[in-house]
Amino acid sequence: MPAWLAAAGWGLVAGSALVIGAGVGYLTRTPQRVTAAIMAFGSGVLISALSLDLMSEAYRRGGFDSTVAGFVLGAGAYTLVQWYLSRRGAKDRKRSGPHQPSEEEHPGSGLAIALGALLDGIPEGIVIGLSLIEGGAVSIVAVVAIFLSNVPEGLSSAVGMKKGGRSARYVFGVWAAIGAANALASLAGYSLFRGLSPDVVAATTAVAAGAILTMIVDTMIPEAFEQVHDFAGLITVAGFLVSFIISKLAE
């Protein structure tokens, strides 16, 4: 299979978890505490993957300068766009409670929520594509970590969308589109960067890592802490440990 097609395929696999999570969240009555606990677990998985896999890989390729510059740039860029979308109704797009505004309460919030979901998914897709550049084999750790974290993201957000009066067509349309966007982002991560210098690839990997870490703190941890604050830390540690074990078994 051509590497570019593999990149798109693995991105689609990881993105499909969003649709799976949305289906569970929209079609079942998942208790908020369960949703929040799953969100905490997904946060730990992603934190482990970006610290042990992404940042280490960025440093190996480009050293401190490219890694630090990319990491700060990714965090700053994500924060800026997140701030803009939050002012337009997307602040609580991953919350399962009655936080998300309806279109009547905040006109244009539906589009802002969709764009926010896209913002969250693009860095993850790019990471998968970048992992194929050296050796032509995808990082299974990255794919598994992103898949495991996407399930609670889709689940929690779909519950919140439903409570905000969003239709099933809107909810599943958004997550299907984001899943497809993940595939395109993975394809772009491989196709656009494979001929560039190690420093550029390292910086891009770090940009994605910085954006993902900022996303976790801004949109995932608040949901986890609000509902299971007594155990949020422990559940996050469990997610981190699972991802750590997977990364070592994959070596």
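**Pockets, cavities and a core**

Hi everyone, let's start inside: the count comes to 2 cavities of 30 Å³ or more. Please keep in mind that this is a predicted model. I'll go through the cavities, then the pockets, and then the nonpolar core.

Here's the general idea behind this kind of search. Rolling a probe the size of a water molecule over the atoms shows where empty space is left.

So, the largest cavity. Its volume is about 60 Å³. Around that space you'll find Leu46, Ala49, Leu50 and Leu54, along with Val127, Ala142, Ala145, Ile146 and Ile212. What classes do the residues of that lining divide into? There are 9 nonpolar residues, with no polar and no charged ones. Helices H2 and H4 each bring at least two residues to this lining, and H2 gives the most, with 4 residues.

The second largest cavity holds about 40 Å³ of space. Its lining has 10 residues, and nearest the centre are Leu18, Ala117, Asp120, Gly121 and Glu153. Two or more residues each come from H3, H4 and helix H5, which runs over 168-191. H3 gives the most here, with 4 residues. By class, this lining splits into 4 nonpolar, 2 polar and 4 charged residues. If you're setting that beside the other cavity, remember that the lining of the largest one has no charged residues.

Now for the pockets. How many residues line the largest pocket, and which are closest to its centre? Its volume, to begin with, is about 480 Å³. The lining has 21 residues, with Asp53, Glu57, Ser131, Ser139 and Val141 closest to the centre. If you have the structure open, look at helix H2 (32-90), helix H3 (109-131), helix H4 (140-163) and helix H7 (232-249), since each of them supplies at least two lining residues. H2 gives the most to this lining, with 7 residues. The class breakdown is 9 nonpolar, 5 polar and 7 charged residues.

The second largest pocket has about 150 Å³ of space. From the earlier part of the chain, its lining includes Gly74, Ala77, Tyr78 and Val81. Leu119, Ile122, Pro123 and Ile126 line this pocket too, as do Thr204, Val207, Ala208 and Ala211. The elements giving two or more residues are H2, H3 and helix H6, at 198-228. Which class is absent from this lining? Charged residues are: the lining has 10 nonpolar and 2 polar residues, and no charged ones.

That brings me to the core. As general background, nonpolar side chains tend to be buried together in soluble globular proteins. In this model, the largest nonpolar core has 47 residues. Those with the most contacts inside the core are Leu46, Val171, Val174, Trp175 and Ile212. Helix H1 (3-27) gives two or more residues to this core, and so do H2, H3, H4, H5 and H6. The largest share, 10 residues, comes from H6.

Two of those well-connected names should sound familiar. Leu46 and Ile212 also line the largest cavity.

Let me finish with valine 174. Setting aside its neighbours within four places in sequence, valine 174 is in contact with Ala114, Ala117 and Met161. You've met Ala117 already, as one of the residues nearest the centre of the second largest cavity.

That's my tour. Thanks for listening, and I'm happy to take questions!

Notes: Residues numbered from 1 in each chain as written. Predicted model: local features only at pLDDT ≥ 70, side-chain atom pairs only at ≥ 80, totals over all residues. Heavy atoms only, no water. 1 Å grid on protein atoms, 1.4 Å probe; cavity = no way out; pocket = protein on both sides within 12 Å on 5 of 7 lines; lining within 4 Å. Points joined across faces, edges and corners; volume = space filled by probe spheres on them. Nonpolar A, V, L, I, M, F, W, Y, C, P; charged D, E, K, R; others polar. Core = buried A, V, L, I, M, F, W, Y, C linked by side-chain atoms within 4.5 Å. Buried < 20%, exposed > 50% of the residue type's maximum accessible area, 1.4 Å probe, protein only. Contact = heavy atoms within 4.5 Å.
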